[in-house]
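Open your viewer and get the selection tool ready. We will go from the whole chain to a few helices and side chains, one stop at a time.

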Amino acid sequence: MYKMNTDSVRPWTDQLWATCRRLAWPLALLVLSLCYYLLFFDRGVNFNDEGTLFMAADGILHGKVLYRDLYVAYMPGGYYLYALFFKLFGASVRMGRLLGVLLRCSNTLLVYYLGRKMVPRGFAILPAVAITLLPGPWHKTLFVTLSLLDMLLIARYVEQRSVGRLLVMGLAAGLTLLYRHWLGYVAIAAASVALVLPVLSALRRGRRQARNALREAGGQAGLYVFVLLSPVLAAGFSLYRQGALSYMLNTVLFDALRGNLAKQATMPLLRNIFHLWVFRQGQLLRLLAYNAHGLLFYLPVVVYACVAALLFYRQWMRRKHTEDTVLLAVLAFGIAVYGLVLIEPGIAHLLVCLPAAWVLGTYLLYRLGQRLRLLLGHRSQARAAAYALVLAPVVLWFCLVMRHVLQMSRVYGPGTIAQRSANSAWLDLPRARVFVGDEAEASALTELVRWMHARVQPGEHVLVIPAEGQTERLLHFLTETFPPYRQRATLKGLSAQQLLQLQHDIVESTEAAHTEYVILSGSNRAIEDSSQEYLLQYVQFTFEVGSAFGRYQVLERKDQLR
């Protein structure tokens, strides 16, 4: 009887079993996060930010050129990604959200693999769960994805310096530049730290080693810059051929930064959080929990400072230079990305800057737990009790903060699952089958879009004048129309002369495009807005009232002016 040789089978089966065990947790996190996000991916919609994203992507599919035909405040990478997804699966709010779901699931995996480079598997799950529960707003999902991808690729490169990993790291930084140029600068700065570290280490071994290390680092830097600039230059050449490059360079590169700085937002003051009265009443933990909206902004600072102190302590105690390169890469990137929240503090901006803090916080928790276990093993009860006293309030405070943030971030976390209402609170449109929460708003939008679809051809120009907020972009996407002007979408933050010039440009563009319809968002309140006096006088002279749908009013061009 033939007897199979099991010696040649065991290595293959052992390798397969090891692979299955290695992929078990990532696959479980992927499936659970996917199921979790599908519970509420169709809840709510951001009229301004998501509307701009969807309208620009739809404009690309209709042959529009960004910065020449449509104004957007950011680099073109994200808009082209959504345009590609819309081309493959259809243009709708749900499809845009499904792309966000896929990106959020990838964020969970990226955080898990980043954590695995510093802590065991059981601890690496903690930051993955944290970012899954608090992923930030939908329209900023790609920001989180690219920042995590850059961090992970830099960490992989400093672990094993190879040409392949260097090329992938440079390509990722180039794509990040095409999405947000300032986030790309952060990725380049962190990669520069990774490239310079071997040179700093070689300085301790003599000049010859330092020169060799410097020569090698220079070659790697040159290759990195070449790969980095390849997609950027290709995109720039395409915009140049379409006549949009100069406008993008003059207005887009620093427009968002100027707009945020003009708001003069500041970080929450510590004096509003810590009060002597609180210490007298013994309610410190309670205050910290219920002021999480303000105090949470300082949580990354504390985490980054603690990790930096730990690295310094380890190097000082060993009396020699040690390269905790993965930690240094994550630390440098995390601090730089967190600095972006200083531009415009807000819970939405903070949540997209927290992933590095989640990972580093888990590392701190793991190290403190290791120390506590070591002390217990050596029966140092007194020191173990001291460590436990330090850990317990931190863990308790973190749980209270998480509970508070989960409650207040209704559109960013599990709170959106509870948003249920009658069918009338849903937008029932070809491009939007989403829950908006307001029955009157859903009904008005549905009637308006259906009315416009019956009278306007896809791709036509319609002038939308919002009274409050920036609702025009989503209206354009839902009605499959586009604004007749290229200028800024908002009239806020401009001087009187700039405001008047902008309104003149909008009027000229509207006439040149032979616009037949105007939509007022806010009905008569928009007519009474003194900041848009010239534009509204033109509208009153050229158009007449057609139909009204809730707070939306449609004006049609007068017959004698057609």
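Helices (H or I, at least four residues) and strands (E, at least two) are DSSP runs, numbered from the N terminus. Colour the chain that way and you will find 24 helices and 4 strands. The model is predicted, so local features need pLDDT of at least 70 and side-chain atom pairs count only at pLDDT 80 or more, while totals for chains, interfaces and linings use all residues. Residues are numbered from 1 along each chain as its sequence is written, and side-chain values use heavy atoms, with hydrogens and water left out.

**The whole chain**

Start with the surface switched on. Buried means under 20% relative accessible area, exposed over 50%, and partly exposed in between (1.4 Å probe, protein chains only). Of the 562 residues of the chain, 48% count as buried. Contact here means heavy atoms within 4.5 Å. Among contacts in the chain with a separation of 6 or more, 70% come from residues 24 or more positions apart.

**Helix H4 and its neighbour H6**

Next, select residues 93-116, which form helix H4, together with residues 141-159, which form helix H6. Two packed helices are described by the angle between their axes and the distance between the axes. Axes are lines fitted to C-alpha atoms, for helices over the stretch in contact, and angles run from 0 to 180 degrees between N-to-C directions. H4 and H6 pack at about 30°, and their axes are 9 Å apart. That makes H4 roughly parallel to H6 (angles under 35 degrees count as roughly parallel, over 145 as roughly antiparallel, 65 to 115 as roughly perpendicular and the rest as oblique).

Look down through the pair: H4 passes H6 in a left-handed crossing. A crossing is left-handed if the near helix is turned anticlockwise from the far one by less than a right angle, and right-handed if clockwise. To see the interface, show side chains: residues including Gly100, Leu103, Leu110 and Tyr113 in H4 meet residues of H6, among them Leu142, Leu148, Met151 and Ala155.

**Salt bridges**

A salt bridge is a side-chain nitrogen of Lys or Arg within 4 Å of a carboxyl oxygen of Asp or Glu. The count comes to 9 salt bridges. Stay on H4 and pick arginine 97, whose salt bridge with glutamate 50 has its closest N and O atoms 2.7 Å apart. This pair links distant parts of the chain, since glutamate 50 sits in helix H2 (residues 49-61), 47 residues apart from arginine 97. Both residues of the arginine 97 and glutamate 50 pair are buried.

Now move to lysine 117, in the loop between H4 and helix H5 (121-133). Its partner is glutamate 159, with 2.9 Å between the closest N and O atoms. Lysine 117 is partly exposed at 25% relative accessibility, and glutamate 159 is also partly exposed, at 43%. Then select Asp42, Arg43 and Arg94, which salt bridges that share partners join into one network.

**Two cysteines**

For the last stop, which cysteine sulfur is nearest to that of cysteine 35? A disulfide is a pair of cysteine sulfur atoms within 2.5 Å, and the count comes to 0 disulfides. Cysteine 35 is in no disulfide, and the nearest cysteine sulfur, that of cysteine 105, is 8.7 Å away. Switch the surface back on to compare the two: cysteine 35 is partly exposed at 45% relative accessibility, whereas cysteine 105 is buried at 3%.
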